[in-house]
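I am opening these notes to keep track of what I look up, step by step, as I get to know a structure that is new to me.

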Amino acid sequence: QRRVRDRRAGYEQSLSVLEHVKKVNEVALTKTSIMLGLGEDDSDIRQTLRDLREVDVDVVTFGQYLQPSRRHLPVKEYVTPEKYEEWQVEAEEMGFKYVASGPLVRSSYKAGEFFLKNLIKERERDSEMQNETSVQ
């Protein structure tokens with residue numbers, strides 16, 4: 001069976017690296033991406049999300065795998081926009097701080113920009129609430 005990933009970086013090693021980052025710097029933000037359309041089923045994705053939360057990953061993105069050349073694995077399925085929405089909701093409910101999910105999303109797909117905007121808004125709201133509380 002052909003592999004998608006670099007043979008030197010397996011699933012367990014990737015989880016281990018993400019976990020190590022949190023151990024050495026608990027405030028560091030960790031992010032990973034899941035490409036869909038390679039024949040995975042819902043239980044595979046759910047288990048991956050559980051594994052990622054177990055090592056405290058903050059940000060996850062979901063995107064459509066596209067075959068870059070004939071030498072690469074073929075696309076098994078084009079995932080529907082509705083399914084991407086379902087994964088976004090499920091991942092958010094699991095506690096990820098930011099989720100980007102859609103067929104054209106890539107690992108760097110504005111994730112940092114959107115996450116930072118949301119983080120800034122959240123901190124502004126917290127600050128406003130603290131100001132309102134201290135005024136009363």
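How many bridges join strand β2 to β3, and do the two run parallel or antiparallel? I noted first that this is a predicted model, and then looked up the pair: four bridges join β2, residues 59-64, to β3, and the two strands run parallel. For one of the residues I also looked up the partner, and found that Val-60 is bridged to Val-99 in β3.

**Entry on the sheet.** I followed the strands outwards and found an open sheet of three strands in the order β1-β2-β3, with parallel pairing. The edges are β1, residues 31-36, and β3, residues 98-101, each of which pairs on one side only. On average, neighbouring strands of this sheet are turned by 15 degrees against each other, when direction is ignored.

**Entry on the helices against the sheet.** I next looked up what packs on the sheet, and found helix α2, residues 42-54, touching β1 and β2, with a direction that makes about 175 degrees with that of β1. Helix α3, residues 81-93, also packs on the sheet, where it touches β1, β2 and β3, and its direction makes about 170 degrees with that of β3. I then asked whether the residues of β3 are buried or exposed, and found that both faces of the strand are covered, with Tyr-98 and Ala-100 buried on one side and Val-99 and Ser-101 buried on the other.

**Entry on α2.** I checked the length of this helix: at 1.5 Å a residue, the 13 residues of α2 should span 18 Å, and this agrees with its end C-alpha atoms, which are 18 Å apart. I listed its buried residues as Ile-45, Thr-48, Leu-49, Asp-51 and Leu-52. Looking down the axis of α2, I found that these buried residues fall within an arc of 160 degrees, so they line one face of the helix. What covers them includes α1, residues 11-24, together with β1, β2 and α3. After α2 comes Asp-56, and I noted that its phi is positive, near 65 degrees.

**Entry on α1 and α2.** Last, I looked up how these two helices pack, and found an angle of about 30 degrees, with their axes 10 Å apart. Angles under 35 degrees count as roughly parallel, and α1 and α2 are therefore roughly parallel to each other. Where they meet, I found Tyr-11, Leu-15 and Leu-18 of α1 against Gln-47, Thr-48, Asp-51 and Leu-52 of α2. Of these, I had already listed Thr-48, Asp-51 and Leu-52 among the buried residues of α2.

Conventions: Residues are numbered from 1 along each chain as its sequence is written. This is a predicted model: local features need pLDDT of at least 70, side-chain atom pairs count only at pLDDT 80 or more; totals for chains, interfaces and linings use all residues. Side-chain values use heavy atoms; hydrogens and water are left out. Two strands pair if DSSP finds at least two bridges between them. Axes are lines fitted to C-alpha atoms, for helices over the stretch in contact, and angles run from 0 to 180 degrees between N-to-C directions. Contact means heavy atoms within 4.5 Å. The expected span of a helix is 1.5 Å times one less than its number of residues. Buried means under 20% relative accessible area, exposed over 50%, partly exposed in between (1.4 Å probe, protein chains only). The arc is that of the directions from the helix axis to the C-beta atoms. Angles under 35 degrees count as roughly parallel, over 145 as roughly antiparallel, 65 to 115 as roughly perpendicular and the rest as oblique.
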